[in-house]
Amino acid sequence: MLRRAGRLFLFAMFASAPSVALAQAPMLPPIAASPRIAPVLPTQQPAAAPETPVVATQDAPVTFTADEVQYDQNAALVVARGRVEAFQGGRILRADELTYNRNTGVATARGNVQLIEADGQVMFAESAELSNQMRDGVLEGLRGHLLQNGRIAATGARRTDGSIFDLSRVLYTVCEPCKNDPLAPPIWQLRARTATLDRTEQQVRYRGASLDMAGVPVMWLPYFQHPDGSAARQSGFLSPSFGFTKYLGGFIETPYYWAIDESQELVLRPIIATSVAPNLGVDYRRRLNNGEIEVLSSIGHLNGKDGTEEGVAGHVFAKGRFSLDEAWRAGFDVNRASSEQYLRIYRYGAQRILPTTLYTEGFWGSEGFARFDARAYQGLRRSDDIDRIPLVLPNIYADWESPEDSLGGRLTVDTWNFAVFRGSGTSTRRASSRIGYALPRMDDLGGMWTLRAQSDLAAYDFEDITLAPNYATGSPNGQSAAANIRAALDWRMPFLRDGGDWGSQVIEPRIQLVTGPMTGSQYRIPNEDSIVFDFTDANLFSLNRFTGRDRQEGGTRADMALRGAWFLPEDRQLEAVVGRSFRVQEDGGPFYPYSGLENRASDWVSRLTFRPNSWIDLTGRARRGGESFAARAYDVSATLRPTNDTSFSLGYLQAPPMPYLNPVAQREEIYLGASQRLGFWRVTAFGRQDIELNRPVAFGLSAMYEDECFIFETRFIKRYAEDPTTQNLYPASTMLLFRLGFKTIGDFGLRAL
């Protein structure tokens, strides 16, 4: 028997014995080692200590280090003691003592046994007996660290083929031990009679299992399976959700995830309910070399109760994004559904109108952009007139901005052309262009001058213009043209004061003179892009304050505003803007009543931003009558964060009557919200009240607990929306949701509507 003491390094010492390997896997980098002395065997000459670590291949013999090694040549037995570390390829075995029998190929490890896998997962055991090149074995007192913080323990385990562990009396959790009481039961753990950890299929399968919460069994599972955390994505059943709704009755949803290949996946979402026929949702995603495709769809059957339609129902939400080259990209959005009710009942994302778009667009640095698209819309309510829903084909837009010229100005050119078709109502073909120029200057006193000019030219071909708003007389079909030129001189004088520790203050008066020809009557011009209009400080100085091109503002006017700001350290500020516009002529454009620009002297518009410290942020916009100073419109929002864990939000909205909305009525609402974090808990609440109608719009409560291994969430939402034209349009106006999330094994949800 040979015996050597001291730290030893052994490599390829059993050349005639089978290679000893822990498992087959990609190699990790070799373990770096300080120079060591190899034992002298009868058939070997003394070897010098290697200057660099030896890289072991998967088929190479085992390499190990130890403080002390005994070798019995007659019994072909090697005993290594003291910080034993054996490795081959990408796996490492550590123990206090390792005994290896060359004749049987059995290695026995005792004391603080560690099996470190190539992917970083670690298994601990009190003792291990390994055979078949260490691919098979029996372990006692197993403790394992899996990926995604998974922890598994078993009284005993049998390892087969280097990849399958059959475990007995098993515990699994991802919860961290309690810092105050490490022996206390975790928040949750899986307990099973037996289990199989399959490294090839990357799954853990349990038999005779129970789910324990704080050490108390709450659910019994004859069979349960979940990924071991080493795979990014795997096929299999996802966590089910179940509940009860007025329309569906009791229901359960059991999704199945199919990882088709590395670039595509499919999710099947069958819903079985007691009161209606089954529903099937299908989600498909695919990544391509130049883009991606996503299709969310479903099919089912509605039985006509509670005012819903009767028959086959479904939806398709699909989108695609593709890069054609460095400058061009293309895409599509296809959204269709049988009804808004269907989307609400099955919670597929209810919308009032569904758009469908096919487009391609190109970019040329920061100077140019072009887009070609086609658009179709679907109205989902029974009150919608399908014949009046537009089809836009094509819609073409392109713009270009010149580099700065010798004077310091920039020229912009764009064109916007489209064709709109309706079964009944106005059908329009338009070709339009806009040319703009801006030249900034600064005088010796610090005044900032900007000369701006803009010209618009548009030609129209239309049918059935009699159905358009504000139509007067004339043929309902025909052609028309519109042109407008606007020029403006804008002056600003910022007066600055540096207050040192008190920050800086700014007072800035601004005046703009705008002139151009009168536009006259525009009733022969179809209005497709300028219906929605909101006069605020944001468009006070716009040359044409309509949002699009189909309505033009003419005549001469003066725009005036005064801005004051106080900028304090630590991003604190107070800023206010107030302004008004005065028109020379009586008629300056087709502004409707309550727009704020229907009179020669406009309404007052203002904006206030108030941030006195890091936890208060207030922004408000207001519009008041020009002569009476009566309130016309308010939009105020405030956020308060007294601490990092507490926040409050407040909002107030007052909107004047809009002629394009039905019914035409003033809107006034107030919003309140609050959120509080208490350790791992976050509680939120919100409410919205319609002041004009003196009734609530919606309110909700939610509470959520989340730590490193567990999520609990509950929500209650009640909506009071009504549609007098359709009975029971909102079958999902009340929602109660419970969700339990066990990280790495799945979520379980309960929903009631």
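This is a guided tour of a predicted model, with suggestions for what to select at each stop. Residues are numbered from 1 along each chain as its sequence is written, and side-chain values use heavy atoms, with hydrogens and water left out. Because the model is predicted, local features need pLDDT of at least 70 and side-chain atom pairs count only at pLDDT 80 or more, while totals for chains, interfaces and linings use all residues.

**The nonpolar cores**

Begin by selecting Leu93, Leu139, Leu167, Tyr172, Trp188, Leu190 and Tyr206, which have the most contacts inside the largest nonpolar core, a set of 49 residues. A nonpolar core is a set of buried Ala, Val, Leu, Ile, Met, Phe, Trp, Tyr and Cys residues joined through side-chain atoms within 4.5 Å; buried means under 20% relative accessible area, exposed over 50%, and partly exposed in between, with a 1.4 Å probe and protein chains only. The largest share of this core, 5 residues, comes from strand β10, residues 188–198. Strands here are DSSP runs of E with at least two residues, numbered from the N terminus.

Now centre the view on tyrosine 172, whose contacts (heavy atoms within 4.5 Å) include Leu146, Ile152, Trp188, His226 and Ile745, leaving aside residues up to four places away in sequence. Apart from the largest core lies another, of 17 residues, among them Ile271, Val276, Leu302 and Leu343.

**Aromatic rings**

Next select Tyr172 and Trp188 again, this time with Phe680, Trp681, Tyr705, Phe710, Phe712, Phe742 and Phe748, since these residues form one aromatic cluster. Rings of Phe, Tyr and Trp (its six-membered ring) pair if their centres lie within 6.5 Å, and the whole structure has 28 such pairs.

Then turn to arginine 430, which lies over the face of tryptophan 416 at 4.8 Å from the ring centre, and to lysine 718, whose charged end sits over the ring of tyrosine 720, 5.5 Å from its centre. A charge sits over a ring if NZ of Lys or CZ of Arg is within 6 Å of the ring centre and within 35 degrees of the ring normal.

**Three strands in a row**

Show residues 681–690 (β38) and 695–706 (β39) as a cartoon: these strands run antiparallel and are joined by 10 bridges. Two strands pair if DSSP finds at least two bridges between them. β38 and β39 form a hairpin with 4 residues between them, and asparagine 694 in the turn has a positive phi of about 55°.

Add β40, residues 710–719, which runs antiparallel to β39 and is joined to β39 by 9 bridges; this second hairpin has 3 residues between its strands. Leucine 701 in β39 is a useful place to pause, for alanine 685 stands opposite leucine 701, and in β40 the bridge partner of leucine 701 is phenylalanine 716.

**Salt bridges**

A salt bridge is a side-chain nitrogen of Lys or Arg within 4 Å of a carboxyl oxygen of Asp or Glu, and the whole structure has 54 of them. Select arginine 371 and glutamate 361, whose side chains meet at 3.0 Å, N to O. Arginine 371 lies in strand β23 and glutamate 361 in strand β22, so the pair ties together parts that are 10 residues apart in sequence. Glutamate 361 counts as buried, at 6% relative accessibility.

Finally, return to β38 and select arginine 688, which forms a salt bridge with glutamate 669, the closest N and O atoms being 3.5 Å apart. Glutamate 669 lies in strand β37, so this pair ties together parts that are 19 residues apart in sequence. Arginine 688 counts as partly exposed at 33% relative accessibility, whereas glutamate 669 is buried, with a relative accessible area of 8%.

Definitions and conventions: Rings of Phe, Tyr and Trp (its six-membered ring) pair if their centres lie within 6.5 Å; planes under 30 degrees apart count as stacked, over 60 as edge-to-face and the rest as tilted.
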